Amino acid sequence: MYLNCPCCGPFYEPFVKGSQPALLAGLLLSRLAKKVQLPAVTAYLVAGIVVGPYCLGRLGIAGLGFISSENVKEFEIISNVALGFIAFAIGNEFRLSQLKQVGKKATFIGIFQACVATLCVDAALIGLHFVLGERLPLPMAITLGAVAAATAPAATLMVVRQYKAKGKLTDLLLPIVAIDDAVGLIIFAVSFGIAKALVHGEFNLISIILEPILEIVCSLALGALMGVLFTFCEKFFSSNSKRLCLSITFVIFTVALSMIKFEVGGFHIGFSTLLVCMMLGTMFCNLCDFSAEIMEKTDKWTNPIFTLFFVLSGAELELNVFADAAIVGIGVAYIISRSIGKYFGAYTSAKICRCEKKTTNYLGITLLPQAGVALGMSVTAMELGEVGNLIRNIVLFSVLIYELVGPTLTKIALTKAGEIEPKQPHHHRKNRAAPAKV
C-alpha cells in the first residue's frame with residue numbers, strides 16, 4: 001500500500017528493501033555468537049558486513065543486502081534516533097543519589113583518561129611524522145590524537161544490558177562514557193582548529209575555543225529544557241502505554257531539534273545529539289517519580305532499533321581501507337597508542353581516586369570501543385581536504401577493529417571484575433509428563 005503511494009513510497013521503499021535482511025542477518029548471527037560466547041553487538045556488526053556493499057551487496061540484488069554506501073545512508077535517520085535513545089538511557093545513570101557516590105570519581109577519571117589517550121596518540125603519531133614525513137602530515141597527527149579521546153557509548157551500553165552487569169565498575173563506567181564524549185568534543189574542537197590553522201595558515205580563536213564551549217552549553221541547556229517539559233507532560237497521563245508513547249515522541253523530537261544549526265553574530269551554533277539526549281534522560285530520571293518504570297519499558301521497545309543500528313554500523317564500515325598499506329600501518333599505530341592511553345589513563349586516575357582493585361585493573365579495557373562520535377569527528381575532518389580523507393580512512397580502519405574486538409573485551413573485563421554472573425546450566429526435567437498407568 002505504502003510503496004504505491006506517491007507521498008509515502010519514497011520514504012518506505014528503502015526500509016522494505018534493506019531493513020528486513022539487516023534485521024534477519026543480525027538475529028541469526030546473534031544466535032551463533034551466543035554459542036561461542038561472543039556479545040550480540042559483535043554479531044550485529046559482522047551481520048552488517050555480510051549484508052553490506054562489500055559482501056552480499058556486490059550481487060546487486062535489492063532486498064538481499066545493501067548494494068552501495070548510498071543505500072546504507074538512506075537509513076541514517078534510524079542511526080540518529082538510536083543514538084538518541086542510547087544517550088537517553090545513559091542519562092538515566094546520572095541520578096543524584098548515585099552521583100553523590102561516583103560523581104567526582106567519574107568526572108575526574110573521564111577527563112583524565114581522555115586527555116592521556118589524546119597525548120599518547122599525539123606523541124606516537126608526531127614521532128612517526130618525523131620518520132614518514134609528508135606521508136603522515138602534522139595536522140593529521142594532531143587531529144587523530146583528538147579523535148582518540150572519544151569512546152562508543154552504544155557498544156558499552158549494549159554489553160552491560162545483554163549480560164545484566166552490576167557492580168561498582170559498571171556504576172562508574174556509564175557516567176565516565178558520557179563525560180568522555182563531552183571532553184572529547186572539546187579536545188577535538190581545539191585540536192582541529194590548530195590543524196586547520198596549520199593547513200590553511202589561519203588561526204581563529206572563536207572556532208577553536210568559544211564555539212565548542214558554546215555547543216556544549218547550548219546542548220545541555222536544550223536537553224534540560226526538554227527534560228523539564230517532558231516531565232511536565234508525563235503527569236497528564238496515567239496509562240503506561242501512553243506514557244511510553246510520549247517518551248518515544250520526546251526522544252525523537254529532541255533528536256530532531258538537536259540537528260538544527262544556525263549562526264548568531266558570527267558564532268556557528270550547533271548541538272550535540274548525544275549531550276542533548278543525555279541531559280534529557282538526566283532531567284527526567286531526577287524529576288519524575290516513576291521514571292524507572294518508564295525507562296524499563298522504553299528499553300524493551302528500543303531493542304529492534306539498536307539491533308538495526310549496529311547492523312547498519314557494520315554495513316557502513318569501509319573494507320577497502322585494507323588495500324592501502326600506509327593507512328593500515330598508521331591505523332595500527334593509532335590503535336596501539338590509543339589503547340595504551342585509554343588503559344593507563346583509566347588505571348592511573350582510578351588509582352588516584354582509590355577505586356577497588358578490580359575496578360582499577362579492568363576499567364580501561366571497557367573504554368576501548370569507538371564508533372559513532374569518532375566517525376562524526378572524521379566527517380568534520382574532511383574539511384582539511386586530502387589530509388581529511390586520510391584521517392577519515394584511518395578512523396574507519398580503527399573503528400572496524402575496535403567495534404569487532406571492543407565489545408568482547410568489555411565483556412571479558414566485566415566478567416573478570418565479577419560483575420557478569422556466569423550462566424547456570426539448565427537442568428531439564430526428565431519426567432515432564434509421565435504416562436498414566438493402565
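In this predicted model, the largest nonpolar core comprises 123 residues. Within this core, Phe310 and Leu363 have the most contacts. Helix α8 supplies the largest share of the core, with 14 residues. When residues up to four places away in sequence are not counted, Phe310 touches Val41, Tyr44, Leu45, Ala154, Ala155, Met158 and Glu403.

A second buried position was examined in helix α12, which spans residues 291–316 and contains Thr302. The relative accessible area of Thr302 is 2%, and because the cut-off for a buried residue is under 20%, Thr302 counts as buried. Contacts of Thr302, again leaving out residues up to four places away in sequence, are made with Phe85 and Arg161.

Helix α6, formed by residues 138–147, is mostly covered, as nine of its ten residues are buried. The buried residues of α6 are Pro139, Met140, Ala141, Ile142, Thr143, Leu144, Gly145, Ala146 and Val147.

On the surface, a nonpolar patch is formed by Ile186, Val190, Ile194 and Leu198. Together these four residues present about 280 Å² of accessible area. Leu198 lies in helix α8, which covers residues 168–200. The relative accessibility of Leu198 is 46%; since partly exposed residues fall between the limits of 20% and 50%, Leu198 is classed as partly exposed. Helix α8 thus holds a residue of the surface patch, Leu198, and also contributes 14 residues to the largest nonpolar core.

Terms used:
Residues numbered from 1 in each chain as written. Predicted model: local features only at pLDDT ≥ 70, side-chain atom pairs only at ≥ 80, totals over all residues. Heavy atoms only, no water. Patch = residues over 30% accessible without salt bridge, like charges linked within 9 Å, V, L, I, M, F, W, Y side chains within 5 Å. Areas by Shrake-Rupley, 256 points an atom, 1.4 Å probe, with all protein chains shown as cover. Salt bridge = Lys/Arg side-chain N within 4 Å of Asp/Glu carboxyl O. Helix = DSSP H or I, 4+ residues; strand = E, 2+ residues; numbered from the N terminus. Buried < 20%, exposed > 50% of the residue type's maximum accessible area, 1.4 Å probe, protein only. Core = buried A, V, L, I, M, F, W, Y, C linked by side-chain atoms within 4.5 Å. Contact = heavy atoms within 4.5 Å.
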